[in-house]
Amino acid sequence: MDPMSIDTGLFISEVLVLTFGRAREEEEHLRNKIRADHEKALEEAKEKLKKSREEIQAEIQTEKNKVVQEMKTKEKKPLPPVPIPNLLGISGGDPEDNDIKKKREKIKEMMKHAWDNYRIYGWGHNELRPIAKKGHSTNIFGNSQLGATIVDALDTLYIMGLHDEFRDGQKWIEDNLDFSVNSEVSVFEVNIRFIGGLLTAYYLSGEEVFKIKAVQLAEKLLPAFNTPTGIPWAMVNLKSGVGRNWGWASAGSSILAEFGTLHMEFVHLSYLTGDPVYYKKVMHIRKLLQKMERPNGLYPNYLNPRTGRWGQYHTSVGGLGDSFYEYLLKAWLMSDKTDHEARKMYDDAIEAIEKHLIKKSRGGLTFIGEWKNGHLEKKMGHLACFAGGMFALGADGSRDKAGHYLELGAEIARTCHESYDRTALKLGPESFKFDGAVEAVAVRQAEKYYILRPEVIETYWYLWRFTHDPRYRQWGWEAALAIEKYCRVSGGFSGVKDVYSSTPAYDDVQQSFFLAETLKYLYLLFSGDDLLPLDHWVFNTEAHPLPVLRLANTTLSGNPAVR
Ligand code: DMJ
């Protein structure tokens, strides 16, 4: 026998004896522990039985509060510091002219009226019913009360110097805004209003809570991108992550203006978190669109996220298409004009739009029609009126056609002003026709409403910034007076059902975008250009300004010198 193997055998058996011995000890120890735990539990149960129902409930509540507190502490973990852009022009803009100063004050007073009434009657609800004086919501926000008006209004409050109101909103967000809810929301709407609103509130105030909430929400939106093509669903359930598309959208498609209006916010999310996931999602959409064939160079509004094929060939610069084009231009601006790919896509798209969709009416009004299956519909939506501002904003940097695009922007502004001027209330209809003798006027009853939309005023503001032509302030003031006269009620501001009737019925909704956009653009129209200068800020499609990511001009987050 090999002596080595005896030694080895002994060694092994020693180890076995030791191991089994220890195992026995451990088993005994465990038994004792279980016995002790049982006895303790029994004692506790006996004690508990002596307690009243109320005492037991209070204990459960304390336990729950502890868990919530632990979760909150976990949630509040600061994100890694990143260099943040130098933030210029976040306050000020005081006009020198007395008349302009008074107009600006009036707009601020309108904001107070809208906010205060929401504060009294709709607090925490998504929107307000100013006549019924209670909360309101729509399916874009799912079935939860997410305080959409608070989040959407924050930056307007901030730039107007309404700091108590801002803090009040912040407190509500800190204590109540929770995205772990079983609710199916619109990815696009939640992105532009909530993520956009929270990011801007963060940049303006430097308060971490806004950034953290924005990131928490963005994480909840990510499952919407789990489709065969990576084109996101229109809606996602914040709890389950299950996504789907609107039933009315052509052939189960996702909508161009929805999946194409995520870029600005998602780039900022990646920038602030250092996590490329958001950037990758939106760049994937862009790459996919680049590869697709476009009929007549136009992007159809519908794309099926399962097959990657276009749905109905409908192209519009108004609803369903609008902010996709806006975000191509703004991606370039936000990148400090380094994202040339985005600029090229914008230029190509706008050229095709000009060729096929933009026409002049007999009366000399330039309008943007809609392309439907090879046919031009001579109808322009209120939403399409934002394009006047977009053309002006994109003029600089265009292919040697800066003058042309500024002029085109001015022509669209004039047409949209006409659509307001040709009504009884001096407020524009939802959409208007150019057909024979009919020019810039709504024909169908269902198109005659005004829901406090911002697009026409937005265009006036951009045109004002680029030209300083006083007509834009005058037109903006006309709109402000009309809103004050026909939409103001004791409980806030309401949309109206027919702008051609001098005694219109109210729709009883104060839209969150009225505070985010309409009043903000009006306020900026009567402010100096040093408030939110356009070479430092790019407005998302809900009028939430995001800083240009100019890396040479950054400083560490938290440095008070930047605020
Ligand atoms: C806003 O939510 C945004 O401007 C969006 O891009 C289009 N519609 C509304 C306002 O009309």
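This briefing looks at a pocket and a helix pair in the structure above. The model is predicted, so to speak of local features takes pLDDT of at least 70 and side-chain atom pairs count only at pLDDT 80 or more, while totals for chains, interfaces and linings use all residues. Residues are numbered from 1 along each chain as its sequence is written, and side-chain values use heavy atoms, leaving out hydrogens and water.

**The largest pocket**

- The largest pocket (an open set of points on a 1 Å grid over the protein atoms alone, where a 1.4 Å probe fits, with protein on both sides within 12 Å along at least five of seven lines) has a volume of about 1,100 Å³.
- Its lining (residues with an atom within 4 Å of a point) comprises 41 residues, with Gly319, Leu320, Leu383, Glu430 and Arg453 nearest the centre.
- Helix 6 (a DSSP run of H or I, at least four residues, numbered from the N terminus) contributes the most to this lining, namely four residues.
- Elements that each supply at least two lining residues include helix 11 (322–334), helix 15 (455–467) and helix 17 (512–525).
- By class, the lining holds 15 nonpolar, ten polar and 16 charged residues.

**Helix 6 against helix 9**

- The axes (lines fitted to C-alpha atoms over the stretch in contact) of helix 6 and helix 9 (residues 263–273) come within 10 Å and cross at roughly 45°.
- That angle makes helix 6 oblique to helix 9, as oblique covers what is left after under 35 degrees (roughly parallel), over 145 (roughly antiparallel) and 65 to 115 (roughly perpendicular).
- In contact (heavy atoms within 4.5 Å) are, among them, Ile192, Leu199 and Tyr203 of helix 6 and Phe266, Leu269 and Leu272 of helix 9.

Technical notes: Grid points are joined across faces, edges and corners, and a volume is the space filled by probe spheres set on the points. Ala, Val, Leu, Ile, Met, Phe, Trp, Tyr, Cys and Pro count as nonpolar, Asp, Glu, Lys and Arg as charged, and the others, Gly among them, as polar. Axes are lines fitted to C-alpha atoms, for helices over the stretch in contact, and angles run from 0 to 180 degrees between N-to-C directions.
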